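Hi there,

Here is the structure I promised to pass on to you. Have a look at it first, and then read on for what turned up.

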Amino acid sequence: EPHFGHSEAETQAEEVTTDGLETARYYQSILDSGVVQTRAELARHLGVSRARITQVLRRLKSHKDDVA
């Protein structure tokens, strides 16, 4: 079965690059573009769990809260 999410190496790299903010921005950009409508659809689209989507997007929200 094809895997559309991150490889293990990409996931490890994500953890050390600006706290994964790039990944969070990428996930949010897919939602904003209308390719998918919900986080559940985004999870299926990327081949990751809904919990993972929430976890990653929470970084973006907490970063915005920290900056504001």
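A residue counts as exposed when its relative accessible area is over 50%, as buried when that value is under 20%, and as partly exposed in between. Lys61 has a relative accessibility of 53%, so this lysine counts as exposed. Please keep in mind that the model is predicted.

Lys61 is also a good place to begin, as this residue forms a salt bridge with Asp65. The closest N and O atoms of the two are 3.0 Å apart. Both residues belong to helix 4, which covers residues 50–67, and they sit four residues apart, about one turn of the helix. The structure holds one salt bridge.

Helix 4 also contains Arg52. Is Arg52 buried or exposed? With a relative accessible area of 16%, Arg52 is buried, because the limit for that class is 20%. The side chain of Arg52 makes a polar contact of 2.5 Å with the side chain of Gln55.

Now to the aromatic residues: the structure holds one aromatic pair. The ring centres of Tyr26 and Tyr27 lie 6.3 Å apart and their planes are at 55°, so the pair counts as tilted. For a tilted pair, the angle must not be under 30 degrees or over 60. The two tyrosines can be described by their accessibility as well: Tyr26 is partly exposed at 43%, whereas Tyr27 is buried, with a relative accessible area of 1%.

Enjoy exploring the model!

Best wishes

Terms used
Residues are numbered from 1 along each chain as its sequence is written. This is a predicted model: local features need pLDDT of at least 70, side-chain atom pairs count only at pLDDT 80 or more; totals for chains, interfaces and linings use all residues. Side-chain values use heavy atoms; hydrogens and water are left out. A salt bridge is a side-chain nitrogen of Lys or Arg within 4 Å of a carboxyl oxygen of Asp or Glu. Helices (H or I, at least four residues) and strands (E, at least two) are DSSP runs, numbered from the N terminus. Buried means under 20% relative accessible area, exposed over 50%, partly exposed in between (1.4 Å probe, protein chains only). Rings of Phe, Tyr and Trp (its six-membered ring) pair if their centres lie within 6.5 Å; planes under 30 degrees apart count as stacked, over 60 as edge-to-face and the rest as tilted. A polar contact is a pair of N or O atoms within 3.5 Å; within protein, one must be able to donate a hydrogen and the other to accept it, and residues adjacent in sequence count only if both atoms are side-chain atoms.
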